[in-house]
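Reader: I'd like a close look at one part of this model, please. Pick a spot where things pack together, take me through it slowly, and then show me what else is worth a glance.

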Amino acid sequence: MGLPEERGRNGSGSGSREEAGAGGRARSWSPPPEVSRSAHVPSLQRYRELHRRSVEEPREFWGEIAKEFYWKIPCSGPFLQYNFDVTKGKIFIEWMKGATTNICYNVLDRNVHEKKLGDKVAFYWEGNEPGETTQITYRELLVQVCQFSNVLRKLGIQKGDRVAIYMPMILELVVAMLACARLGALHSIVFAGFSAESLCERILDSSCSLLITTDAFYRGEKLVNLKELADESLEKCREKGFPVRCCIVVKHLGRAELGTGDSPSQSPPIKRPCPDVQDKLKEKFKCIQPQISWNQGIDLWWHELMQEAGDEFEPEWCDAEDPLFILYTSGSTGKPKASGVVHTVGGYMLYVATTFKYVFDFHTEDVFWCTADIGWITGHSYVTYGPLANGATSVLFEGIPTYPDVSRLWSIVDKYKVTKFYTAPTAIRLLMKFGDEPVIKHSRASLQVLGTVGEPINPEAWLWYHRVVGAQRCPIVDTFWQTETGGHMLTPLPGATPMKPGSASFPFFGVAPAILNESGEELEGEAEGYLVFKQPWPGIMRTVYGNHTRFETTYFKKFPGYYVTGDGCRRDQDGYYWITGRIDDMLNVSGHLLSTAEVESALVEHEAVAEAAVVGHPHPVKGECLYCFVTLCDGHSFSPTLTEELKKQIREKIGPIATPDYIQNAPGLPKTRSGKIMRRVLRKIAQNDHDLGDTSTVADPSVISHLFSHRCLTIQ
């Protein structure tokens, strides 16, 4: 798959990088020349030409890319139709409506039969324990997907039905979502760290016909009895008048006792070369065996269903605008948002395949590793669909970065010779706390491109990532996008874009950003305001499931004619975009708008600070003042002297107006299990308000009580 007028072209960019201080004010910085080399992506000048064409002629641009995929019925009508203006009627986006295809066929059947990649490894699976490993080829994956498609069809699942999936990062999760796509059912994947109540709400909102889950799993040292949570959720559904008729259960911790051989028709065998690891796992399984409840007439074992299933299944041919999946946004409010983002088959397929190939400079020999959980959009797009659409080999990791030690990620990089690595700034900052040694004791020589996702990365973390993890030779792609966008929106291209630490750089092909002021006027040149997009790209969401009015109100009503991201953004003198944080993360101090991300960036530039979170606190004079939580690096202690140093640093980096009134020592911060800081909870702590709302997604609830008991004395 190549870009229009770019196929077969080997471009290289020789751009430099720039080092930024707080708030993205950049100064020049020249890395070694190999940092900016690439033999795949277009040069910067060529990128600008292609981007301009992709925005001015989106139908022609994406029409050329669409030819690289299989269409049972090609698009014969309008390639793109849309309305972004609520004052002119209903909001709608249609790419290639009338064309039919199947995304599972494109990512599996074509790779096996047309591209002859059947024997290529699709996934290396790395379990929670270092000794737990297996792998699956494209041919084996296709067989399992066909088998499970037959299982679902036999259980009555049809095109358009919704299937809830509540599983850890195991291969069956990929099989389940692709089987849904193969028969035209919508998968609704719920992150395995969410509570029973959260699962129930999502099942009810989309009226899921069936649930797929797992007996249990370990996350580090923590046992998660997922089946128990699933049972609790299904009971809540019954109480609310919606009984789910069937629950398929993967025997994951109990896999060893199944005795499955190497047949791809069975659950993948786990290779455990170390007897001590195997003994440890058996002990763990013994501990949880009595806790696995069974509901006759509802629960069915995955492995038993698969034994009886045929290994061929004709895909259901779907319209390009048929829904592919529902994914619920996590939200930051006290109650989970029942906001099911709907993505469709054709446009999503084009967009994730294209962004994956060019943002990560993909080559056929690469081993790609995205550390995100498939329960989030990053996992959907860049663990499953994007890599598979390109015939890539990926790593699927069940564990956490700090188990059994803080060098686990780099051990895995060396083990599988990972070439492209994609993770979250939260993980980078976490590992920074432990210094360079756990990283540099591993080779990491295979790494070629590093990526970040999930939130803006502060310059200090970016520089550590580049200097230590990438050994000053790997370009970093700092990607900005959302659940709603489907794929990357603002991102550097490795080797083409001169990089500035902390900047999301430039728009991807087909993306037309703008910065608006409060009145909805487009700002030119250097500017700061609301980030919006002026026209659709193929991967944009189409609606909120069952609530199109909410879709229109949330994303299009504030500024008619634009898709509104909800994020603040600054464009610098070179045209680079800097995400300043969610609009609701802006603080108004004495009439001045301050970005929490900018203050946090200034705090973590201090050598003692590993991580920081900033929230607003009511102030009798200023209206709002800054309340800061700081997590210190090992070897540093919190003191009045440090507090004054941090205040001085913020005054110097941003200005006196940004000087915090309160700085609290925070050995830990409340985070979701995906690693996002829960600033809503921090605002409550800062105000000593114990009415926290829903905290079921907090990874470590003990952090909250500790912060309450050590909060600063404040005035209202």
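Author: Let's start with two helices, α6 and α7, whose crossing is right-handed. Bear in mind that the model is predicted. Helix α6 covers residues 196-206 and helix α7 covers residues 226-239; their axes come within 8 Å and cross at roughly 50°. Because of that angle, α6 counts as oblique to α7.

Who actually touches whom? On the α6 side you'll find Ala 196, Glu 197, Leu 199, Cys 200, Ile 203 and Leu 204, and they meet Leu 229, Ala 230, Glu 232, Ser 233, Leu 234, Lys 236 and Cys 237 of α7. Sort the residues of this contact by type and you get nine nonpolar, three charged and one polar.

Now bring in the sheet. It's an open one with eight strands and mixed pairing, running β14-β13-β10-β8-β9-β16-β17-β25. β14 (299-301) and β25 (543-544) sit at the edges with a single partner strand each, so each has one side with no neighbour in the sheet. At the β14 end, that partner is β13 (residues 246-250), and the two pair in the parallel sense over three bridges. If you want a pair to click on, try Ile 248, whose bridge partner in β14 is Leu 300. Our helix α6 packs on this sheet too: α6 touches β8 (162-165), β9 (186-189), β10 (210-214) and β16 (323-328), and its direction makes about 145° with that of β16. As a reminder, strands of a sheet pair through backbone hydrogen bonds, in either the parallel or the antiparallel sense.

Stay with β13 a moment, and follow the loop between β13 and α8 (275-288), where Gly 254 is found. Gly 254 counts as buried because its relative accessible area is 1%. Phe 217 is 37 residues away from Gly 254 in sequence, while their C-alpha atoms are 9.7 Å apart in space.

For a contrast, go to Asn 150 in helix α4 (residues 138-154). With 23% relative accessibility, Asn 150 counts as partly exposed. Leaving aside residues up to four places away in sequence, Asn 150 touches Ala 309, Gly 310, Asp 311, Glu 312 and Phe 313. Met 306 lies 156 residues from Asn 150 in sequence, with 8.8 Å between the two C-alpha atoms.

Two further stops. Strand β23 (residues 513-516) points Pro 513 and Ile 515 one way and Ala 514 and Leu 516 the other, with all of them buried. In a regular strand, side chains alternate between the two faces of the sheet. β23 pairs with strand β24 (residues 527-533) in the antiparallel sense over four bridges, and Leu 531 in β24 stands opposite Ile 515. Then there's helix α12 (residues 408-416), which is mostly covered, with seven of its nine residues buried. The buried ones in α12 include Trp 410, Arg 408 and Asp 414. Right after α12 comes Lys 417, with a positive phi near 55°.

Zooming out, the chain has 20 helices and 32 strands. It has 716 residues, and 63% of them count as buried. Of the contacts between residues at least 6 apart in sequence, 74% join residues at least 24 apart.

Notes: Residues numbered from 1 in each chain as written. Predicted model: local features only at pLDDT ≥ 70, side-chain atom pairs only at ≥ 80, totals over all residues. Heavy atoms only, no water. Axes fitted to C-alpha atoms, helices over the stretch in contact; angles between N-to-C directions. Parallel < 35°, antiparallel > 145°, perpendicular 65-115°, else oblique. Left-handed = near helix turned anticlockwise from the far one by under 90°. Contact = heavy atoms within 4.5 Å. Nonpolar A, V, L, I, M, F, W, Y, C, P; charged D, E, K, R; others polar. Pairing = 2+ DSSP bridges. Buried < 20%, exposed > 50% of the residue type's maximum accessible area, 1.4 Å probe, protein only.
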